[in-house]
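Please open the model in your viewer and keep the selection panel at hand. The stops below are meant to be followed in order.

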Amino acid sequence: MVPPFWATALFLYQVSIAEQLGWTAAIIASAFIFFAAARIVSSLGIGPVIDRLSAKTIFPFYIIPLGAGLVVAFYHPGIWSAFLYMTLVGITLGFGSTTKSALYAELYGEEFIGTVRSLFASIMVFSTALSPFLMGWMLDNNIPMESILLMAVSTVVVGVILAYFGLKTSTTQVAE
């Protein structure tokens, strides 16, 4: 739920964020071309990797580009960083769309895929509904963008760790 939460918040408040990071609205709008291209390429490219390695292996790490993009935005507020940031967010969302579908099939089987997808879709919608409220509250209370980006990076790190150990445990239990 980390990528949909932060992508919604960051996209909805993109002009405020851009201003705080030294980007213009035109720059961030132009960077969406890089986001779209990265999302398309990564969506297509991750499929064969999943077939070779498995979604369980890839899933814990698919949000790392999002974290890297947030770090780039935090440390390098120059114009070029807007394009790299949006590219890395696009890669994460592209990886996620394919990886999550494959993961659900691997973990729960094809028999329950509709039920599982509907449950996770509902949770995702909740997270994307919550994110504008929280981001708006943080911006209204003058929480610096650097602090917000650090919170976002922290959630990515925690998400990677939880997914890694959670899937490692589920794989170990299945093998026994």
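Begin by selecting Tyr75, which counts as exposed because its relative accessibility is 57%. Bear in mind from this first stop onward that the model is predicted. Next add Phe74 to the selection, which counts as partly exposed because its relative accessibility is 22%.

**The whole chain**

Now zoom out and colour the protein chain by secondary structure, which comes to eight helices and zero strands. If you follow the chain along its sequence, the pattern you pass through is α-α-α-α-α-α-α-α. Aligned on its principal axes, the set of C-alpha atoms fills a box of roughly 50 × 30 × 25 Å. The radius of gyration of the protein chain is 17 Å, and this agrees with the value near 16 Å that a compact globule of 176 residues would have.

With a surface drawn over the model, you are looking at an accessible area of about 9200 Å², and carbon and sulfur atoms account for 71% of that area. Of the 176 residues in the protein chain, 40% count as buried. If you turn to contacts between residues at least 6 apart in sequence, 80% of them join residues that are at least 24 apart. For the charges, mark the mean position of the 6 positive ones and the mean position of the 8 negative ones, and you will find that these two points are 7 Å apart.

**Aromatic rings**

Show the aromatic side chains next, among which the count comes to eleven aromatic pairs. One of the pairs is formed by Phe59 and Tyr62, a tilted arrangement with 5.2 Å from centre to centre and 40° between the planes. Both of these residues, Phe59 and Tyr62, are buried. Another pair takes you back to the opening stop, where Phe74 and Tyr75 meet edge-to-face, with ring centres 4.7 Å apart and planes at 90°.

Which residues form one aromatic cluster together with Phe11? Select Phe32 and Phe35, which join Phe11 in that cluster. Phe11 itself lies in helix 1, which covers residues 2-12. Leaving out residues up to four places away in sequence, Phe11 touches Phe32 and Phe35, and also Met86 and Val89. Then draw a C-alpha to C-alpha distance from Phe11 to Pro132, which gives 9.4 Å in space for two residues that are 121 apart in sequence.

**Two buried residues**

Move on to Ala18, which lies in helix 2, residues 14-20. Ala18 is buried, because its relative accessible area is 1%. Apart from its neighbours within four places in sequence, Ala18 is in contact with Trp23, Thr24 and Ile28. A line from the C-alpha atom of Ala18 to that of Gly69 spans 14 Å, with these positions 51 residues apart along the chain.

Keep Trp23 displayed while you select Ser81, since Ser81 is in contact with Trp23 as well as with Val72 and His76, once neighbours within four places in sequence are left aside. Ser81 is found in helix 6, which runs over residues 79-108. Is Ser81 buried or exposed? At 0% relative accessibility, Ser81 counts as buried.

**A partly exposed position in helix 3**

Select Ala36, which is found in helix 3. Its relative accessible area is 34%, so Ala36 is partly exposed. Measuring C-alpha to C-alpha in your viewer from Ala36 to Leu167 gives 29 Å in space, and these two residues are 131 apart in sequence.

**Two loops with a positive phi**

For the last stops, select Ser54, in the loop between helix 3 (25-53) and helix 4 (55-58). The phi angle of Ser54 is near 100°, a positive value in a residue other than glycine.

Finally, go to the loop between helix 7 (113-140) and helix 8 (145-175), where Asn142 has its place. Here too phi has a positive value in a residue other than glycine, and for Asn142 that value is near 55°. Asn142 counts as exposed because its relative accessibility is 65%.

Definitions and conventions:
Residues numbered from 1 in each chain as written. Predicted model: local features only at pLDDT ≥ 70, side-chain atom pairs only at ≥ 80, totals over all residues. Heavy atoms only, no water. Phe/Tyr/Trp six-rings, centres within 6.5 Å; stacked < 30°, edge-to-face > 60°. Buried < 20%, exposed > 50% of the residue type's maximum accessible area, 1.4 Å probe, protein only. Helix = DSSP H or I, 4+ residues; strand = E, 2+ residues; numbered from the N terminus. Rg over C-alpha atoms; globule rule 2.2 N^0.38 Å. Contact = heavy atoms within 4.5 Å. Areas by Shrake-Rupley, 256 points an atom, 1.4 Å probe, with all protein chains shown as cover. Lys, Arg positive; Asp, Glu negative; His and termini not counted. Charge placed at Lys NZ, Arg CZ, Asp CG, Glu CD.
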